[in-house]
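Good morning, colleagues. Please look at the sequence and the structure on the screen while I go through the fold.

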Amino acid sequence: MKKILLFSVLILSLVFCSCSKKEEEKQSVNRNIEKALPSFSTSQMELLLKKHTNSAFTEDVVTVAQIENILKAAVNSPSATNSKTLHFSAVMEEEHMKQISPKATKGCVVIVVSSIDSNSVDSGIATQSIYLAARANGLNADINTNGANIINTGNLKENYGVPNGYSAVSCICIGNAKENPTETYDNEIKIDEYVTYIE
């Protein structure tokens, strides 16, 4: 009986040690990942997590420095295929802006994202980079795809600087917010409902 009891204790000890070792390894991996990742400031995380619902613009002009900052973010956006097949057009003429983005005012700029192979992943990344860069520069941004459809189907590619072989994918209207935007963050979203963890 004593032998059976000792054997059971030994087995339990081995199982416990094994689980503890796995947990330590997992924590070690997590620490290494955290060290490898850049630390995000609170403001950066808020920019990613908050929903921004204001799409009304003033006629206050977007500065050249702001436009250049946004375009830098666009051309440096990550690429899933590292193909660099995107092109960007910065539309600042009011009539051209309103044709593809009715909410635009003369103070806005509309950036058109074009892709030679309609790579939806890279185009989506670039569109989000432009949106976030606009917000980071204190501006309002409104994304739409209707403007891209107008350019592609209305024989307007040349008017909007879309190169041969390319197609417009999205339009982002950028300007100064007409009023304070409504920003919300849904703390009730359950991440586990959207994520599968493979361990």
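I begin with contacts. The model before you is a predicted one. Taking contacts between residues at least 6 apart in sequence, 77% join residues at least 24 apart.

Next, the secondary structure. The protein contains 6 helices and 6 strands. Following the sequence, one reads the order α-α-β-α-β-α-β-α-β-α-β-β.

Let me turn to the surface and to burial. About 13400 Å² of the protein is accessible surface, and carbon and sulfur atoms account for 56% of that area. Of the 199 residues in the protein, 30% are buried, where buried denotes a relative accessible area under 20%.

I would now like to concentrate on one strand. Why is strand β5 described as largely enclosed by the rest of the structure? Strand β5 covers residues 167-175, and 7 of its 9 residues are buried, so the description follows from that count.

Which strands pair with β5? One of them is strand β3, residues 109-115, which is joined to β5 in the antiparallel sense by 7 bridges. Within this pairing, Ile111 has Ile172 of β5 as its bridge partner. Strand β4, residues 140-144, also runs antiparallel to β5, and 5 bridges link the two. Here Asn144 is matched with Cys171 of β5.

To summarise the strand: β5 has antiparallel pairings with β3 and with β4, and 7 of its 9 residues are buried. Thank you for your attention.

Technical notes. Residues numbered from 1 in each chain as written. Predicted model: local features only at pLDDT ≥ 70, side-chain atom pairs only at ≥ 80, totals over all residues. Heavy atoms only, no water. Helix = DSSP H or I, 4+ residues; strand = E, 2+ residues; numbered from the N terminus. Buried < 20%, exposed > 50% of the residue type's maximum accessible area, 1.4 Å probe, protein only. Contact = heavy atoms within 4.5 Å. Areas by Shrake-Rupley, 256 points an atom, 1.4 Å probe, with all protein chains shown as cover. Pairing = 2+ DSSP bridges.
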